[in-house]
Amino acid sequence: MNDLKNKKSLVIYFSHNGENYMADGIRNIDKGNTEIIAEYIKDIIGADLFKVESEKEYPYNYRECCNVARDELKNGARPKLKEELKSVDNYDVIYIGYPIWYGTMPMPLFTQLEKLDFNGKIIRPFATHEGSGIANSQRDIKNICKGAIVLDGIAIRGSNVYNAKEEIENWL
Ligand SMILES: Cc1cc2nc3c(=O)[nH]c(=O)nc-3n(C[C@H](O)[C@H](O)[C@H](O)COP(=O)(O)O)c2cc1C
């Protein structure tokens, strides 16, 4: 596993900009926290990036976004995506990144991951959060991505992403 960072790598991630809950209250962020981490991984190991986006955009307003996200989780929604990744066949290691929303990944990632064949792949989850850590997301990834080796992921505080490059480098 020592040379993981030299293997052909893809980052599949979801990230939401707009209003978000940070350590110092609700703030507007122009670029999502998870996207910052995804870009570090690209910079450090040259991974390709694929951003998962729901066809219907999530509300800019934090409270409204929370309501939509909570309903989607409760209903087991699988939101339609703007674009679907068809295959991960060309990659050895897949990094899966997301904000924690109510204890797990946002539902668009469920839509995407359920459509892919991860057999024989190595998966490394990374989450950004404001206190929950990686929560249930790693368990959910293991359930969806059958046949993959899911390594222990990393959880980074959303309000700390701009100071986290070194931590990501060490993790990689
Ligand atoms: C709808 C919603 C639900 C959230 N639920 C949680 C949660 O359950 N636990 C937690 O620690 N943080 C939660 N957060 C905070 C985000 O996980 C955190 O701000 C993250 O860094 C956002 O990443 P992003 O900018 O890439 O979307 C939530 C944020 C939103 C908008």
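This passage walks through a predicted model, from the shell around its ligand to its core, its strands and its loops.

A good place to begin is the ligand. In this predicted model, 23 residues surround the ligand, and the closest are G32, T34, P99, T128 and G158. Four elements give two or more residues to this shell: the strands β2 (18-22) and β6 (122-129), and the helices α1 (33-45) and α2 (62-75). By residue type, the shell divides into 12 polar, nine nonpolar and two charged residues.

Helix α1, one of the contributors to the shell, deserves a closer look. This helix has 13 residues and reaches 19 Å from its first C-alpha to its last, which is close to the 18 Å expected at 1.5 Å a residue. Its buried residues are N33, T34, E35, I37, A38, Y40 and I41. T34 therefore appears twice in this account, as one of the closest residues to the ligand and as a buried residue of α1, a cut-off of 20 or more other C-beta atoms within 10 Å being what makes a residue buried. The spacing of such residues can be read with a simple rule in mind: an α-helix has 3.6 residues a turn, so residues three or four places apart point the same way. Not every part of α1 is covered to that degree. E39 is also found in helix α1, but this residue counts as partly exposed because 18 C-beta neighbours lie inside 10 Å. E39 and E19 are 20 residues apart along the chain, and their C-alpha atoms are separated by 21 Å. After α1 comes G46, whose phi is positive, near 75°.

Helix α2 also gives residues to the ligand shell. It has 14 residues and spans 20 Å from its first C-alpha to its last, close to the 20 Å expected at 1.5 Å a residue. Just after α2 there is again a glycine with a positive phi, G76, at about 60°.

The next topic is the nonpolar core. In soluble globular proteins, nonpolar side chains tend to be buried together. The largest nonpolar core of this model holds 38 residues, and those that touch the most other members are V11, I37, I41, I94, Y95, I123 and C145. Two or more residues come from each of β1 (9-13), α1, β5 (93-99), α3 (107-113), β6, α4 (137-144) and β8 (154-157). Of these, β5 gives the most, with five residues. I37 shows what membership looks like for a single residue: leaving aside residues up to four places away in sequence, I37 touches G97, F126, T128, I156, V161, A164 and I168. One of these contacts, T128, is also among the closest residues to the ligand.

Strands β6 and β8 both contribute to this core, and they are also partners. The two strands run parallel and are joined by four bridges, with A127 standing opposite A155 in β8. In a regular strand the side chains alternate between the two faces of the sheet. β8 illustrates this with a covered face, made of I154 and I156, and an uncovered one, made of A155 and R157.

A second pairing involves β2 and strand β3 (residues 25-29), which pair in the antiparallel sense over five bridges. A hairpin joins β2 to β3 through two residues. Along this pair, Y21 stands opposite I26, and the bridge partner of G18 is I29. Strand β3 has five residues and the number buried is zero, so this strand lies largely in the open.

Finally, three loop residues are worth finding in the structure. N90 lies in the loop between α2 and β5 and counts as exposed because it has 8 C-beta neighbours inside 10 Å. N90 and E72 are 18 residues apart in sequence, with 31 Å between their C-alpha atoms. Y102 is found in the loop between β5 and α3. Its phi is near 50°, a positive value in a residue other than glycine, and with 16 C-beta neighbours inside 10 Å, Y102 counts as partly exposed. A135, in the loop between β6 and α4, also has a positive phi, of about 50°, although it is not a glycine. With 18 C-beta neighbours inside 10 Å, A135 counts as partly exposed.

How values were computed. Residues numbered from 1 in each chain as written. Predicted model: local features only at pLDDT ≥ 70, side-chain atom pairs only at ≥ 80, totals over all residues. Near = placed C-beta within 6 Å. Nonpolar A, V, L, I, M, F, W, Y, C, P; charged D, E, K, R; others polar. Buried ≥ 20, exposed ≤ 12 C-beta atoms within 10 Å, placed from the backbone. Core = buried A, V, L, I, M, F, W, Y, C linked by C-beta atoms within 7 Å. Contact = placed C-beta atoms within 7 Å. Expected span 1.5 Å × (residues − 1). Pairing = 2+ DSSP bridges.
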